[in-house]
Every structure is written in C-alpha cells, then in structure tokens.
Amino acid sequence: MQERSERTRARLVGAAAELFDRYGYAEARLGDISRVAGVTKGALYFHFASKQELAAAVQESGCLLLDETVLALRRDGRPALQSLIDTTHALAVWATGEPVVRASFRLGRERADGQRPVLNYHLVCVAAAGRLLARAAEEGALRRGVAEDAARTLVAGMIAGIEAAAWSGAPYPELSSCLSEAWTLVLRAVAEEEAARGLRTAPPPGPTADLDPTVDLHPAVDPGPAVGPHPAVDPGPAVGPPGQGSRAVTVSTVSASAGSLSSR
C-alpha cells in the first residue's frame with residue numbers, strides 16, 4: 001500500500017512539473033495535473049492540500065536531482081573542479097529537457113514576491129557550485145590570488161546563462177558547446193595550470209555506469225485524456241506522460257541525452 005502511495009505521489013509531482021514548466025504556476029490547474037497523472041482529484045488532495053504544497057514538492061525534487069548528482073560525483077573521486085564542470089553540464093541537459101528542473105527555475109522566478117514556496121532554484125545551484133569551489137580551493141586547484149568569491153561570481157553567471165539560454169529555446173548541442181568554451185576561458189582565469197591540464201571541459205563521454213544511484217523521479221504513467229486549452233495560454237503540443245524526456249539524477253546520461261534532445 002505504501003509503495004503504491006509513493007508511486008501516486010511521484011506521478012503527481014511529475015505531472016505538476018510538466019504543467020508548471022509549460023504554463024507557469026498561476027495557469028497550471030489542479031484538475032489538469034490530476035488528469036495528466038492519471039489519478040483522481042481526491043487522490044491529489046490526499047497527498048497535497050494545495051497547489052502551493054505541490055509546487056514545493058516539485059522544487060524539492062529539483063533539489064534532490066542536484067544533490068544526488070553532486071554526491072555521485074564526489075563518490076566517483078574526481079577533482080572538485082571536474083565535478084563542478086560536470087554538474088553544470090548536467091544542468092544544461094536538465095534545463096533543456098527535464099521538467100522538474102525547468103519548473104523549479106520557473107517557480108522561483110514567478111513566485112519571488114514572497115509567496116510560498118519561495119525557493120530560488122538558481123541560488124540553490126549557485127550554492128552547490130560554491131561548495132565545489134571551496135573543495136577545489138582546499139585541493140589547491142585555484143590560481144594564487146584568485147578569491148573564491150570572484151570565482152563563484154563567474155560560475156553563478158554561467159549558471160544564469162544556462163537557464164536563460166534554455167528558456168529562450170537554445171538546443172542542447174548549442175548550449176553544451178558554448179558551456180564547454182566558457183569553461184575553457186574560466187579555467188584559464190581561476191585554475192592552477194597543472195590542475196587545469198587534466199580537466200575536461202566537454203560533457204562526460206559515453207554512459208558512465210559508475211555514477212550511481214540513478215533515481216527515477218518520473219515513473220511512466222498513462223496521461224489520460226488530453227489536457228484542454230487554457231484560457232489566454234497557448235497550450236502548445238499535447239502534454240505527454242510525466243517522465244517523457246526526463247533525465248536521471250546522475251550525469252551518466254549527459255552525453256547520451258545530447259542526441260535525443262537535439263532531435264526534438
């Protein structure tokens with residue numbers, strides 16, 4: 001029974017992410033979310049008392065996605081700067097194709113007026129990057145005279161650029177290429193020459209099965225009847241099942257995702 005309840009909750013979070021990403025918080029309807037998730041409105045209210053609670057759950061899933069990725073990279077034993085580079089490439093994949101992350105960013109932008117939830121996903125990503133930069137400094141990988149705050153400002157700008165480019169519709173291959181070039185310049189400015197020599201600025205090559213665990217945030221569901229048009233909102237293509245086009249937690253899928261994203 002508990003497993004079934006957890007699956008239902010995950011379906012609702014996935015459906016909410018799809019619709020928050022597409023329509024925004026104000027225009028996403030609870031009735032449409034329950035229909036896309038393939039559950040009753042009563043089941044939705046059993047798990048979430050309000051749309052605010054559902055939005056908070058979406059953002060919590062976005063944070064889990066990021067946290068699990070960083071933890072997996074740490075377990076992999078790679079240098080902190082390489083972990084940071086790979087994390088930004090994972091963000092590029094998610095920002096162009098993962099509804100939970102796209103919705104987390106959008107909810108933070110649209111509800112920055114003090115309404116709950118007020119989690120700023122951009123700042124969550126910047127904080128994670130800052131922790132990796134602090135580890136890089138401990139490893140002696142930062143160039144002498146480079147302040148951590150200055151390096152953090154550069155990386156925060158890169159993260160903002162990823163979000164903005166993805167939101168404007170930049171395809172993943174273009175975004176990935178620009179991110180790799182940006183890292184080449186940033187490493188010249190902030191990294192010790194010896195530390196930078198062994199780093200890869202491109203996305204991780206091939207599937208790296210050693211990056212575990214992989215958490216499926218979006219179990220496949222039957223979306224039920226198509227979502228009807230929203231007033232004053234272009235509904236775009238029909239909403240598919242939560243999980244369609246979603247990305248796994250670890251960066252093991254970054255390279256493998258490039259082809260599927262570019263073909264959309």
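**A tour of the helices and salt bridges**

Start with helices H4 and H5: Leu65, Leu66, Thr69, Val70 and Leu73 in H4 meet Ser83, Asp86, Thr87, Ala90 and Trp94 in H5. By type, the residues of this contact are 6 nonpolar, 3 polar and 1 charged. Keep in mind that this is a predicted model.

Now select residues 51–76 for H4 and residues 80–97 for H5; their axes come within 10 Å and cross at roughly 145 degrees. The crossing is right-handed.

Stay with Asp86 and add Asp76, Arg78 and Arg200. These four residues are linked in a network of salt bridges. The count for the protein comes to 12 salt bridges.

Next, go to helix H2, residues 30–37, and select Asp32 and Arg35, which lie 3 residues apart, about one turn of the helix. They form a salt bridge, with the closest N and O atoms 2.4 Å apart. Is each partner buried or exposed? Asp32 is buried, because its relative accessible area is 5%, whereas Arg35 counts as partly exposed at 29%.

Move on to helix H8, residues 148–167, where Asp149 and Arg152 are also 3 residues apart. Their salt bridge has its closest N and O atoms 2.7 Å apart. Asp149 is exposed, with a relative accessible area of 54%, and Arg152 is partly exposed at 25%.

Then select Arg135 and Glu139, whose side chains meet in a salt bridge at 3.6 Å, N to O. Glu139 is partly exposed, at 41%.

Finally, show the whole protein. It has 11 helices and 0 strands, and buried residues make up 50% of its 264 residues.

Technical notes
Residues are numbered from 1 along each chain as its sequence is written. This is a predicted model: local features need pLDDT of at least 70, side-chain atom pairs count only at pLDDT 80 or more; totals for chains, interfaces and linings use all residues. Side-chain values use heavy atoms; hydrogens and water are left out. Axes are lines fitted to C-alpha atoms, for helices over the stretch in contact, and angles run from 0 to 180 degrees between N-to-C directions. Helices (H or I, at least four residues) and strands (E, at least two) are DSSP runs, numbered from the N terminus. A crossing is left-handed if the near helix is turned anticlockwise from the far one by less than a right angle, and right-handed if clockwise. Contact means heavy atoms within 4.5 Å. Ala, Val, Leu, Ile, Met, Phe, Trp, Tyr, Cys and Pro count as nonpolar, Asp, Glu, Lys and Arg as charged, and the others, Gly among them, as polar. Buried means under 20% relative accessible area, exposed over 50%, partly exposed in between (1.4 Å probe, protein chains only).
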